[in-house]
Amino acid sequence: MAAGGRAARPEPGRYVVARPIYSELAFQEENEKRAQLPPTLRERVQAACSCSRKKAFQITKSILPVVEWLPKYRIKEWLLNDLISGVSTGLVATLQGLAFALLVAVPLGHGLYSAFFPLLTYFILGTSRHLSAGPFPVVALMVGSVVLSMAPDENFLTVSSNATGLNTTLIDTASRDAQRVVIASTITFLVGILQLVFGALQIGFIVRYLADPLIGGFTTAAAFQVFVSQLKIVLNVSTKNYNGILSIIYTLIEIFQRIGTTNIADLIAGLLTIFVCMVVKEINDRYKHKIPVPIPIEVIVTIVATGISYAADLEKKYNAGIVKTIPRGFLPPAPPAVSMFSGMIASAFSIAVVAYAIAVSVAKVYATKHDYAIDGNQEFIAFGVSNVFAGAFSCFVATTALSRTAVQESTGGKTQVASLISAVIVLISIEALGQLLQPLQKSVLAAVVIANLKGMFMQVFDVPCLWRQNKADAMIWVFTCVAAIILGLDVGLLAGLVFALLTVVVRIQFPSWGNLGNIPGTDIYKNVKGYKTVVEPEGVKILRFSSPIFYANIDGLKSSLKSTVGFDAVRVYNKRLKALRMIQKLIKKGKLKATKNGIISDSGATNEAFEPDEDLRDPEDLNIPTKEVEIQVDWNSELPVKVNVPKVPIHSLIFDFGAVAFMDIVAVKTMRRIIKEFERIDVNIYIAAHQDHIITKLEQCGFFDDNIKKDMFFLTVHDAVLYIQNEMMHRDIQDPIFEKISLMQESKEPTDFTEAGKLEDELDVQEEAIRRLAS
């Protein structure tokens, strides 16, 4: 035992591996690849069209999940829990249906319909055991914005004469409400169709582009929009219906301009409801492990407020705004107004995606908690059918509510049987209890909605944490929230999505890279700036580029390459070429002699080679006659001509492609160009840790030729380093290296060595002169 009574930490284990140094070519010679032939079109059609009893049952279970879980239902173990959960959730669903109808600007009875019909269809088609389908404030507000934009109060003004002969302007509320119900049910039907199409096309992945920071910012902005829309109901202040950019600002301005007309009875009832609901909800959260069933405070407050309003006759005495009428029973199904589709398709698309994203996000939380899986594409189909069905019965868009689903799960709900029981409770409310809620103040319902926004507003405190963890995510959150508040929910969501995608593009366009070195005695390679013990192999640079390589970040690859090696390969080549020409000129004049041991200057002769350095991109034609001279040039030593040739301290460069997921054709051409440029200055290029599909892509793009072969690819960086060290150790050093300098140069045009077309013919006579330079 170690001091202090703690067990001593065991020594780290060690392992030793002995294997050959594997290049890609050597590995493939020893290990044969499996032939992976894609199925033909005929085979795919046969597989898709084949049918068996087992396959038919699997398809049925995937389309109708109830067929799978209902026969396995444990009546003795689950029924009581589902019964208690269903009753509790049904009471909450009834109240929320009434409250959220205010957001859609339709009669309150339609909120009850919207809380009933989706429960039936999701029971049959849904894959979540705990999700409670129905209205949600954010989605209801998005539907309401479409309703108010297409049916504003100004379209239903009528002029009537009173007994004194004065004309007064009134709103035809009956016609207005009827038109708004048609619009709400039509957009619900269209949302359902879009969700069915998404599910049939198996594009449930679309929700992945709605990142958590984007959803957080959007729902917080929506909560603010909901708060403002309900604030005027709590105050009982009438305002115009604003839509579009800055609509929420205009609404706030008008509310404060007319705040003097506030109804005190509605204000007091609303403030008391908000306070009581928030306090009791906090108690439910804090003592949820001790309270077997959460206190249904919304239901209690509603019953109490209804009784007080009825007993005190608040409508007549204080002119309080009350519910007044809730129709009994259901309306007959009606077809949607297809002519309106063109005017609401864009909003329907955003509503369909947002409603699905909210539902799936909530479902995934409880699926993870209770260890089961949900099917994203089936959820699209389930909500699509639910909304098509609900749209036919004058409902508005269904998704789920966090609080309602939390009640269903926390009260012991085990399966969707709880949702079926809650639907029965809502049905009883529609048929029998609706008339009992007629004295209820609208400000109480609005206050219930505001109290349920607490969780969304608390998301603001996530921003500092996001900023510390990832500044890009924090910026997405803030941008989406501000955009949704200023531009409106639909345009703000689109703006936030575009901004989020732009951050991804920027991060890919400017990825991280590093110059790697070796941890001595290991095969581990880390960034040289990150560890003190890292050592770079002598004469070798290792570049890790942590991103896919494609047309957008090619410049980033080139920049990181120059920063890693410390020089520009094209500039080095041009400088060397110019130095060779000047040496040739001096040799021609007899000022220098080229021997096998190097270049010797004549004694007593003026060295005219020390001339000003001219433009490296426009080397002059020295009119040197055609002949060859054998000389040895050490480019890292002092030259007999005054040309500033950059030193090249490396002989090998390794690209670590371990983080390169893909390459496009531009990247392949660029890599060919880089290899050619470095080969001209005697720097060998190696690529290590690549994925197999990278080799396949290179083969498809014609990357390999007589000069670029697979033996430059290695399985790991350490393989490449060991290979290079082995090659350097066995280098033939018997005789000096001679440089054959061609004296042919007739063109006066500058040579552009960065063009891909010229790289193919680069090994001309002139380049042969510096093809093998001594390091």
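**A mixed six-stranded sheet and two nonpolar cores**

Strand 5 (residues 513-518) and strand 7 (residues 540-545) run antiparallel and are joined by four bridges; strands here are DSSP runs of E with at least two residues, helices are runs of H or I with at least four, and both are numbered from the N terminus. Two strands count as paired if DSSP finds at least two bridges between them. The model is predicted, with local features requiring pLDDT of at least 70 and side-chain atom pairs pLDDT 80 or more, while totals for chains, interfaces and linings use all residues. Residues are numbered from 1 along each chain as its sequence is written, and side-chain values use heavy atoms, with hydrogens and water left out.

Within the antiparallel pair, N515 has L543 of strand 7 as its bridge partner, and L516 is matched with I542. These strands belong to an open sheet of six, ordered 6-5-7-11-12-13, with mixed pairing. Strand 6 (525-527) and strand 13 (713-714) are the edge strands; each has a single partner strand, so one side of each is left without a neighbour in the sheet. Helix 27 (residues 717-729) packs on this sheet and touches strands 5, 6, 7, 11 (652-656), 12 (684-688) and 13, where contact means heavy atoms within 4.5 Å. The direction of helix 27 makes about 170° with that of strand 11; axes are lines fitted to C-alpha atoms, for helices over the stretch in contact, and angles run from 0 to 180 degrees between N-to-C directions.

Moving across the sheet, strand 7 pairs with strand 11 in the parallel sense over five bridges. Here K541 is partnered by L653 and I542 by I654. I542 thus appears in two bridges, with L516 and with I654. Strand 11 then pairs with strand 12, again in the parallel sense and over five bridges, with F655 opposite I687 as bridge partners.

Both strand 7 and strand 11 are mostly covered. Five of the six residues of strand 7 are buried, as are five of five in strand 11; buried means under 20% relative accessible area, exposed over 50%, and partly exposed in between, with a 1.4 Å probe and protein chains only. From strand 11, S652, I654 and D656 point one way and L653 and F655 the other, and all are buried.

Turning to the interior, the largest nonpolar core holds 127 residues, of which V143 and L445 touch the most other members. Such a core is a set of buried Ala, Val, Leu, Ile, Met, Phe, Trp, Tyr and Cys residues joined through side-chain atoms within 4.5 Å. Helix 14 (residues 341-369) supplies the largest share of this core, 17 residues. Beyond its neighbours within four places in sequence, V143 is in contact with V104, A184, I187, I351, F396 and V397. Apart from the largest core lies another, of 48 residues, including I554, I654, I687 and M712.

Helix 6 (residues 109-125) offers a further covered element: 15 of its 17 residues are buried. Its first and last C-alpha atoms are 26 Å apart, close to the expected 24 Å, a span defined as 1.5 Å times one less than the number of residues.

Overall, the protein chain comprises 29 helices and 14 strands, and 48% of its 775 residues are buried. Among contacts with a separation of 6 or more, 80% link residues 24 or more positions apart.
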